[in-house]
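Welcome, and thanks for taking a look at this one with us. Have the sequence and the 3D view side by side as you read the briefing below.

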Amino acid sequence: MQGVNMIEDLMLAAFFGGWIGWAIAARRQGWSLIIQIGGGLLVGAAFMLIPGAFRPWPNSVPASLEAAGLVGRPWNEAEARLAARITAQALEQMEAELKHADRTGDHALALALMDDLRTNLIEWNDQPENGAAAAYRACHLAAAHAAGCVVDIARGGYCTSVPRFEATLSDCRQLTE
């Protein structure tokens, strides 16, 4: 959240910079006080949009559970939903790579995918008594099926749980929409 505060500070500075700059220029031109103030507000608002364009969207999903601050503690309902969205996003991004590793038997790619899955699985497994997290069990299962595929591929075999992974990932997507 540090970056968001910096962008808000830049937006505020751009607003006041634009407003004061306009007011000084308008005063030098001899324009009326209403044009100085009103035009300054408009220019300040326009300048504020520039750094505001780089502000994260309110509905954006953090890249990982660590980035969202959901590591090492029980989740409430909103946090469980966010964890499910993060997990679904991570699994959607690795789905094509997982299928490619399964088709080609690429052990290195499979193990690299396990690095991404590890934290998700640890945190979901740390929520066994949590009723809020239980509502999003499909996301936990999808991550577990993906990890099972990774283990199968790393051992030199082929993933036998691709249909289960796809089905639970689809259920997870429906829960998080």
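**Briefing: side-chain contacts**

W19 has a relative accessibility of 25%, so this tryptophan counts as partly exposed. Please keep in mind that the model is predicted. Three kinds of contact are covered here: aromatic pairs, of which the whole structure has 5, salt bridges, of which there are also 5, and disulfides, of which a search finds 2.

**Aromatic rings**

- A search of the whole structure turns up 5 aromatic pairs. One of them is formed by F15 and W19, whose ring centres are 5.7 Å apart and whose planes meet at 55°, so this pair is classed as tilted.
- Helix α1, which covers residues 2–29, holds both F15 and W19. They sit 4 residues apart there, about one turn of the helix.
- The partners are not alike in accessibility: F15 is buried at 16% relative accessible area, whereas W19, at 25%, is partly exposed.
- Another tilted pair brings together W22 and W31, with 5.7 Å between the ring centres and 45° between the planes.
- Why does this pair count as tilted? Planes under 30 degrees apart would be stacked and planes over 60 would be edge-to-face, so the 45° of W22 and W31 makes the pair tilted.
- Both of these tryptophans are partly exposed: W22 has a relative accessible area of 27%, and W31 has one of 39%.
- Which residues do ring pairs link into a cluster? They are F15, F16 and W19.

**Salt bridges**

- The structure contains 5 salt bridges. Among them is the contact between the side chains of R173 and E92, with 2.8 Å from N to O.
- R173 and E92 connect distant parts of the chain, 81 residues apart. R173 belongs to helix α8 (residues 162–176), while E92 belongs to helix α4 (residues 77–104).
- R173 is partly exposed, with 27% relative accessibility, and E92 is partly exposed as well, with 38%.
- Within helix α4, K99 and E95 are 4 residues apart, about one turn of the helix. Their side chains form a salt bridge with an N to O distance of 3.5 Å.
- Is E95 buried or exposed? Its relative accessibility is 15%, and buried means under 20%, so E95 counts as buried. K99, its partner in the salt bridge, is partly exposed at 29%.
- K99 also meets E166 in a salt bridge, with 2.5 Å from N to O. This pair again links distant parts of the chain, with E166 in helix α8 and K99 in helix α4, 67 residues apart.
- E166 has a relative accessible area of 31%, so it is partly exposed.
- Taken as a group, E92, E95, K99, E166 and R173 are linked in a network of salt bridges.

**Disulfides**

- How many disulfides does a search of the whole structure find? There are 2.
- C139 is joined to C172 by a disulfide, with an S to S distance of 1.9 Å.
- The torsion about the S-S bond of C139 and C172 is about 95°, so this disulfide is right-handed.
- C139 lies in helix α7 (residues 137–154) and C172 in helix α8, so this bond links distant parts of the chain, 33 residues apart. Both C139 and C172 are buried.
- The other disulfide joins C149 to C159, with 1.8 Å from S to S. C149 is in helix α7 and C159 is in the loop between α7 and α8, 10 residues apart.
- C149 and C159 are both buried.
- Counting bonded cysteines along the chain, the disulfides follow the pattern 1-4, 2-3.

**Where the topics meet**

- Helix α8 is a good place to begin browsing: R173 in this helix pairs with E92 of helix α4, E166 in this helix pairs with K99 of helix α4, and C172 in this helix is linked with C139 of helix α7.
- For helix α4, try K99, which has a salt bridge with E95 and another with E166.
- For helix α1, start from F15 and W19, which both lie there and which ring pairs link with F16 into a cluster.

Definitions and conventions. Residues are numbered from 1 along each chain as its sequence is written. This is a predicted model: local features need pLDDT of at least 70, side-chain atom pairs count only at pLDDT 80 or more; totals for chains, interfaces and linings use all residues. Side-chain values use heavy atoms; hydrogens and water are left out. A salt bridge is a side-chain nitrogen of Lys or Arg within 4 Å of a carboxyl oxygen of Asp or Glu. Helices (H or I, at least four residues) and strands (E, at least two) are DSSP runs, numbered from the N terminus. Buried means under 20% relative accessible area, exposed over 50%, partly exposed in between (1.4 Å probe, protein chains only). Rings of Phe, Tyr and Trp (its six-membered ring) pair if their centres lie within 6.5 Å; planes under 30 degrees apart count as stacked, over 60 as edge-to-face and the rest as tilted. A disulfide is a pair of cysteine sulfur atoms within 2.5 Å.
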